[in-house]
Every structure is written in structure tokens, then in C-alpha cells.
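Please read the points below with the model open beside you. They take up a loop, the metal sites and one pair of helices in turn.

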Number of protein chains: 2
Amino acid sequence: MQSTAAEDYVKAIYHHTEWQPEPITPSQLASRLGLANSTVTEMVKKLAAAGLVRHRPYGAVELTDDGRALAVRQVRRHRVVETWLVERHGYDWDEVHDEAEILEHALSDRLLDSIARSLGDPERDPHGDPIPAADGTVRRPDAVLLADAEVGHAGAVVRISDADPAMLRFLAGAGVALDARLTVLGQKPYSGSIQVRSGSTTIDVGPDVAQAIWLAA
Amino acid sequence: MQSTAAEDYVKAIYHHTEWQPEPITPSQLASRLGLANSTVTEMVKKLAAAGLVRHRPYGAVELTDDGRALAVRQVRRHRVVETWLVERHGYDWDEVHDEAEILEHALSDRLLDSIARSLGDPERDPHGDPIPAADGTVRRPDAVLLADAEVGHAGAVVRISDADPAMLRFLAGAGVALDARLTVLGQKPYSGSIQVRSGSTTIDVGPDVAQAIWLAA
DNA sequence: GGCATGATTTCGGTGTGCCGAAATCACAGC
DNA sequence: GCTGTGATTTCGGCACACCGAAATCATGCC
Ligand SMILES: [Mn+2]
Ligand SMILES: [Mn+2]
Ligand SMILES: [Mn+2]
Ligand SMILES: [Mn+2]
């Protein structure tokens, strides 16, 4: 059991607990992967038999140590590829995900490490997600979700979720990029949106965006 | 019908007629792909239904124009990847084939063309095989198989078959590389081998090698 | 023209990863 | 404690790419 499907499953499970620590349910996993619940149930059973995942019937799904190791490896591959596409091939940060999703399964370890080295062994990808080292080491920066940040909090943008390419294009247009310094000004009453200052301009960001941006703590 | 399997089938068919023009039989195709004859019969039927291949029962298999176009595209991808691995990632010419065999199915056209451009749009791969242009144009150099070359013939090595990695290592050790100038000295009686001069040294090459090296005409 | 032979095709079957519909379960609210 | 509800699992089935064994065919030789 080391198919590209298995790689995507463990990566999705890992991803779910990377920035907030709650185990993932089968239906969450199914919707993240775009698959039917029944498909996920069956595959989870196989992953459990292969020792990559722990799962008691009707419960959540958690990675074993082996599963986590495979996931970390896969996350490294994905993010190295995304970084390479942006740095060396002129892709925008909203264009890299789909290509990386395929390529991550097709590169040998040797080639992937060679690409990483040629990029100077970067520690984060174009969206600020940490790139695990070849030995599996992960360093995650201290960060606060913009939605959870207190009024007055100021800090550099450390990570932006790459889940929605359209949002990434919007943010790039609004001047919000990695390392941009943001200050939380406050809530707009009844609007559900947060006012943020970026340089000399003020932006209103809705709840979706506030759930996608992480600031240095 | 545009699966990685289909891509490999049309590539194998194309390959067979690239340097000598005889149509390929199902069993030749099977042995080249490492598959059972029955598997190939079935797949050829599907390829024919998809318009990539012409085939009457019990006959040979030929590419249609569509099939040829797909094959040329695939050959380009394979050879660009091989070149990239050698030029940019320190692979030896006997190490690139397997990695390219997988990667060729995983790169988008955009990324492949970007890689090709970064290499200066090379016209041949590490083994001297011509790399088709993005528009499908192919230029094959005038060449003679060493086995067919007349005594006294002298010319640069233009192509070496990459089918046998061990042979490639042997040849590299013997100083036979792309563009090396060889002179055919003659046959060794009863040995089945051909004497060749490379620079100041003389080499005896057996029939396998003589079938693998092409000299400028 | 008949026949042996090897190539080719047909046939039944496998493993993987997926699906929708039906059955089952956990749990929250009463 | 019962029950309704939504989540989860089970079940039957499909597409793809593959296999070995059995049947069929084309051909070349007598
Ligand atoms: Mn991504
Ligand atoms: Mn993937
Ligand atoms: Mn291939
Ligand atoms: Mn080659």
C-alpha cells in the first residue's frame, strides 16, 4: 500500500491537523478529497490494515507514526514542487497547486532532493506553509489566525491558505502577500468583517479571508 | 482514451519505426512493453476504437495521424526530461530512462515547455535521439548503423540506443560518447565483432553494440 | 490442397479505486 | 429509556489495465 491514492489520503489527514489540532472525520476527508463517503470508508479500512492510520468504526481517523512519516514526505514533495514552479518557471502562487498535486507522486526522492537543493532548500512554500526537511523535521512558525487576532495586533503575514485560488488572486491584487505587515484595526459592526491596515491602506476582510491568513504571533 | 497506458503504447509503436521502417507486430509490442500478448491485443483494440492506431485482426499495428501526433508529443516529453536530468541534475546517461518514463506522464505542457526553454530548446537527448519541437516537427540526422557501415567509414557518433543501461556504462568507460569520432577498421574473422578506432585506441565491438551505435553518414 | 506451427485472439478472472443506494449505527433531545 | 437524524458502513456494481489458458487463425511446407 503505497499508491498515489494512499499518498493523497494521508496528506489530506495530515493537512487537516496541521494548523488546528482536531482529528478528521470520514466525511470531512471525503469532501476534502472530492470523493464519496463510501469510497473513503473503504480506503480508510485499507490504510488501517497497512498500518498508516488508526480508526475504530464510526470514529475519526488518525495517522500512525508510519502514516505521519509518509504524509510529511508527501507534504515536502508538494511544497518543494510549488516553490520550484513559482521560483523557476514563472507560475503565480494561485496556479501551482494542481500541477503539484500530480507531480508530487511522480518524482523520485533523488530528483526531488536535487530540485530542493537547487532552490537552496527552502523552508516555506509560496503560501508560507513550512516545507519539511528530507529527514522529516518540520518547523512551524508561531502564528495567529487573523480571525482570532486581537484588535491592535500587528505582525507579518506568515501563511495564507492556498485552498481558494480566486482568493489568492484577490489578495495579491490588494497587496497582501507573504511578509506583508498587517495591523488589526477592529471589527466593523454587524458586517462580520475585520478592518486591517496594510501599509497606508485599509482593507475590510470578510470571515473567509480572516480564516485564511495567519500573522506572526 | 488518453491514459498513461495509451501514451506508452503509441510511444512504443512510434519508437519501433523511428530508425528502421517496419510495422510492429502485437507480440513485439508486448515484449517491448513487458506485457502479455493478450493484454496488448485488447489494448490495441481500444486504441483502434479511439482512432490512434490501425489494425486488422492478425496483422501489424500502425499509427494513425492522431496516434503519431500523440506519440511525437510523448517522445518529446520523454527526451526533454532525460536531457534535463543529465544537464541539470547530475544524472548519468544510463540513469535517466526510468525516471523519464514516469515523469513524461505527469508534466503539463506548460511546465514541459518551460523546462525545454530553460535548456535552450535542445534538439537531441543524451543518447542522440532527436527531440521533436513543440509543434511536432522532427529532424532526424543522416546516420548509418555501425553494423552496416563499410570498412573505412569514419564519422561522429550521432546516436546510441538507450535500451541497455549496462552497455551505456561500458561505452562511456571505453570513451565512446556522443560526437566521438569513430573509424571502422574491419571485421575480426570468425569473432562476429567489428574493429573500430576511437582516437588513438582500437576497440572490438560485438554485434549487440554494432546494432546500437549510429554514425554520421 | 492439407496440415503443423507459432502468432494472435478470446475468454474468464484479478486488483485497485471509485460510485450510489440501502442498511446500520451513535447520539442528542425528549 | 426511546427515537429521530445524520453520519458511517455495507453492498452490488463499474472502469481500467492487466494475466494465463484455451481457442482460433495465417502461413509456409509438403
Ligand atoms: Mn498546494
Ligand atoms: Mn496528489
Ligand atoms: Mn511512460
Ligand atoms: Mn533517450
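1. Asp179(A) lies in the loop between helix 7 (165–173) and strand 5 (181–187) of chain A, where helices (H or I, at least four residues) and strands (E, at least two) are DSSP runs numbered from the N terminus. Although Asp179(A) is not a glycine, its phi is positive, at about 75°. With a relative accessible area of 47%, Asp179(A) is partly exposed, a class that falls between buried (under 20% relative accessible area) and exposed (over 50%), as computed with a 1.4 Å probe on protein chains only.

2. In chain B, Asp179(B) is found in the loop between helix 7 (165–173) and strand 5 (181–187), and this residue, which is not a glycine, has a positive phi of about 75°. Asp179(B) counts as partly exposed, at 47% relative accessibility.

3. On provenance, this is a predicted model, in which local features need pLDDT of at least 70 and side-chain atom pairs count only at pLDDT 80 or more, whereas totals for chains, interfaces and linings use all residues. Residues are numbered from 1 along each chain as its sequence is written, chains are lettered from A and ligands numbered from 1 in the order in which they are written, and side-chain values use heavy atoms, with hydrogens and water left out.

4. The manganese ion (ligand 1) has as its protein donors His78(A) (NE2), Glu82(A) (OE), His97(A) (ND1) and Asp162(A) (OD), at 2.0 to 2.4 Å; donors are N, O and S atoms within 2.8 Å of the metal (3.2 Å for Na, K and Ca), and since water is not among the atoms, sites may look incomplete. The donor residues are spaced H-x3-E-x14-H-x64-D in sequence. Distant parts of the chain are linked here, with His78(A) in helix 4 (residues 65–89) and His97(A) in helix 5 (residues 96–103) of chain A, 19 residues apart. His78(A) counts as buried at 6% relative accessibility, while His97(A) is partly exposed at 29%.

5. The manganese ion (ligand 3) has the protein donors Asp8(B) (OD), Glu101(B) (O), Glu101(B) (OE), Glu104(B) (OE) and His105(B) (NE2), which lie 2.1 to 2.4 Å from the ion. Along the chain these donors follow the spacing D-x92-E-x2-E-H. Glu101(B) is partly exposed, with a relative accessible area of 21%.

6. Glu104(B) deserves its own point. This residue lies in the loop between helix 5 (96–103) and helix 6 (109–118) of chain B and counts as buried, at 0% relative accessibility. The side chains of Glu104(B) and Lys11(B) are joined by a polar contact of 3.3 Å, a term for a pair of N or O atoms within 3.5 Å where, within protein, one must be able to donate a hydrogen and the other to accept it, and where residues adjacent in sequence count only if both atoms are side-chain atoms. Leaving aside neighbours within four places in sequence, Glu104(B) is in contact (heavy atoms within 4.5 Å) with Asp8(B), Lys11(B), Gln74(B), Arg77(B) and His78(B).

7. The manganese ion (ligand 4) is coordinated at 2.1 to 2.8 Å by Glu82(B) (OE), Asp125(B) (OD), His127(B) (ND1) and Asp162(B) (OD). Asp125(B) counts as buried at 2% relative accessibility, and His127(B) is buried at 1%.

8. As for the helix pair, Pro26(A), Ser27(A), Leu29(A) and Ala30(A) in helix 2 of chain A meet Asn37(A), Val40(A) and Val44(A) in helix 3 of chain A.
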